[in-house]
Amino acid sequence: MMSSFFFFFLLLSLLPWSHSFYGALPRKKGETLEVKINKLSSIRTQLPYDYYFLSYCRPPVIINSLSLGQVLRGDRIKNSVYSFKMREAEYCKVVCRVILDANSAKSFKKKIDDEYRVNMILDDLPVAVAPFRYASKIYRLGFMVGMKGHYAGEKEERHFIYNHLSFKVMYHEDPETDYAHIVGFKVTPYSVNHEHKEWNGEEIKLATCQPSTNTSIGGSNIPQEIHTGEEVVFTYDVSFESSDIKWESRWDAYLYLGDDPIHWFAMVNSLITVLFLSGVVAMVVMRTLYKDITNYNQLETQVEETGWKLVHGDVFRPPINANILCVFVANGVQVFGTVLFTITLALLGFLSPSNQDGVITAMVLSWMFMGLFGGYYSARLYKKFKGIQWKKIALKTAFMFPATFFGILFMLNVFIWGEESFAAVPFGTVFSLLLLWFGISVPLVFVGSYLGFKQQAIEDPVNTNEIARQIPVRAWYNIKMVLSVLIGGILQFGVVFVEFFFMWTSIWMNQFYYSFGFLLIVFVILLVTCCEIAILLCYFQLRSEDYHWWWRAYLTAGSSALYMFAYSIFLFFTRLWIEKFVSVILYFGYMLIASFAFFVLTGTIGFYACFWFVRKIYSSVKFD
C-alpha cells in the first residue's frame, strides 16, 4: 500500500512541473504569441491584486489558470488583449480606450502611491524592465502602474499612468530551421497623452504616433494624467531582437542577483563553524567520555559513580508532558521529510522557475503524505514512554500543526478580506486543503501510528529506578534552563541566516529563488550543527547530574527559531517599507508560521541526536 501511495504522489508531482519546464515549444515566424497577465504586486503593501482590479483593457472572455500553489502565492494568471506575431514588429498598436470614472481614477492613484507593479508572462517568461545595475545583468520583474510628478513651474504633485508599453522580445534562432526559441521578454513603459480626432475603434489614427513610421514612442511626449473623466488610450509597440542567449540559459538573467560571492563566503563560514563544533565535540565530549567509560568499566578497582553515570537509574525516566513531546517530534519528522523531498525535487529539475507555485504544491502534498512517518515515529516514542492509547496520540499528531496553521490563516484572512486582495485564501482553497488534510494526512497518520505501535517497544539500555533521584544544586550556567536553551540556538541560526536572507528576499521582495544546491548544503550543515550543539549541551547537563534532558534537548535545538523570528523583525524594519496595518499582520503571521515550522524541524533533529547519544553512552557502561 505504501508503494502505491508514493507512486501516485510521484506521478502527481512530476507531470505538471516537467511540462511547465520543458513545455514551451520553438516558434515559427508569424506564429501568434499570447501575452498573459498576472497579479499586481507591491513590496510596500505585500497585498496582491487582480490585474483587472484596475480599469485596464479587457479581452471579450477572461480565462483563468489556477492551481493550488498559485492561489496560495496570490497569483492569478489570465489572458490579456496583448497579442504578437512572432518576429513581426508592430508600432503604435491601439488596444482600447478607457474613460476613467471617479473610482477608477482613485484606484489608479492609490496603486501608484503604493508602488504597484504589473506582471506579465510570455512563453513562461515574466516581463522585466531593462537591467539597472551590475553591468546590465539584473532584471526587475514587472513594470510600474504609473509615476508621480509635477509640471514645470508647479508644486502640485500629479499622477500619470503608463498607458504605452514598448515590448522587446528576444529570440534564439535555430540555424537549420525557421523556428526560434523565445529567450527574453522586456518592456519599457511610457506615459503618453494620445491625441486623435474621432474615435472609431482600434483602427483610429493617433496624432501622437503612426504605425507607418515604424518608430517607437519616446519619452518626449506629454504624459497621460489621471483624473476623473479623462480619456486614456492604451497602445503598445513590439520589436524582436535576435540573441546569442541559448534556450537552456534564458532564465539566467532572471535568477542572477550578483550574490554568488556572498553565497560562497557564507558557505565557507558555516563550514568553519561546523568544523569548530566537531573539534569541540571530539576533544571535549568524546575524549572525556572515553576516559569515563574506561574508568567505569574497570573490573579490578571499584570506581565511585560520579557525573553522568550517577543518574543512570533516572536518565530514561519519561519526561513531563511526554504525550506533547511525542506530537512535537512527529511533526518535526513531517517537516524534515517535506523539506528534504522538496529540495530533492528541485535539484532533479522538476521545480522550474517558471512554475514557482510548484514549490508550494510540492510542500503541501508532501506534508500530507509524510503524515505516515509522523504517525509512525510518534507511536514508537509514545510506546517507549509506556503509553497504551495509540489512537489518542495519533489524533493529537494529526491535528496539532495543521490546526495551528489553519488558525493563523483564518485570522489573517479576517484582516485581508476587507482589502479585496488575493492575499486572502479563498474559501474554496481552504475547503480543498481541509479535504487533503482529512482525506490524506489524517488517515496516513493513523496508519503510521498503528504500524509504529505494533512494533516492539524501544528497550532502554539500563533500568529506571522506582523513586526519582533528587537533582543537586547546579553550576551558574545550568541554573536557568532558559539561558542554556538560548545559547544553544545562536550557532544553529548563525550557519543558516545568510541563506534565510536570500529566501526571505525572494518571498517578500518579488524575486526568484533557485539556489537549491546551496540550500541542500546549508540544510546538511544545519543538520550537523543541531546534532553537535544538542549533544554537547546534553553531555554537560548529564555531568551536572541533571537527568531532565528530553525537553531541553528539543528546546535547545529549536530555540534557533526565536532568532529566525527576531531576524525577520530586523529585516522588516530595515528592508521593507510597509505602512498598512493589514500588511504588517500578514507579514508577521506568515513569519510566525515559518518560525514554528523551523522550531519543530530543528527541535526534532536535536532531540533524536541526544536520544541516540544518551542510549549510546549508557549502553557502553557496565552497571551492577
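Begin with the disulfide, of which this predicted model holds one. Select Cys57 and Cys96, which are joined with an S to S distance of 1.8 Å, and look along the S-S bond, about which the angle is -80°, a left-handed link. The pair ties together distant parts of the chain, since Cys57 lies in the loop between strand 2 and strand 3 (64-65) while Cys96 belongs to strand 5 (residues 90-99), 39 residues apart. Both of these cysteines are buried.

Next, select Cys538 together with Cys610, whose sulfur is the closest cysteine sulfur to that of Cys538. The separation is 4.0 Å, which is too far for a bond, because a disulfide requires the two sulfur atoms to be within 2.5 Å. Cys538 has 3% relative accessibility and therefore counts as buried. Move on to Cys326, which at 1% relative accessibility also counts as buried, the cut-off being under 20%.

From the cysteines, turn to strand 2 and select residues 32-41. Seven of these ten residues are buried, so the strand is largely enclosed by the rest of the structure. Add strand 4 (residues 77-85) to the selection, and you will find it running antiparallel to strand 2, with five bridges joining the two; one place to look is Glu34, whose bridge partner in strand 4 is Ser83. Then add strand 6 (residues 117-122), which is likewise antiparallel to strand 2 and is joined to it by four bridges. Here the residue to centre on is Lys36, which has Ile121 of strand 6 as its bridge partner.

Notes:
Residues are numbered from 1 along each chain as its sequence is written. This is a predicted model: local features need pLDDT of at least 70, side-chain atom pairs count only at pLDDT 80 or more; totals for chains, interfaces and linings use all residues. Side-chain values use heavy atoms; hydrogens and water are left out. Buried means under 20% relative accessible area, exposed over 50%, partly exposed in between (1.4 Å probe, protein chains only). Two strands pair if DSSP finds at least two bridges between them.
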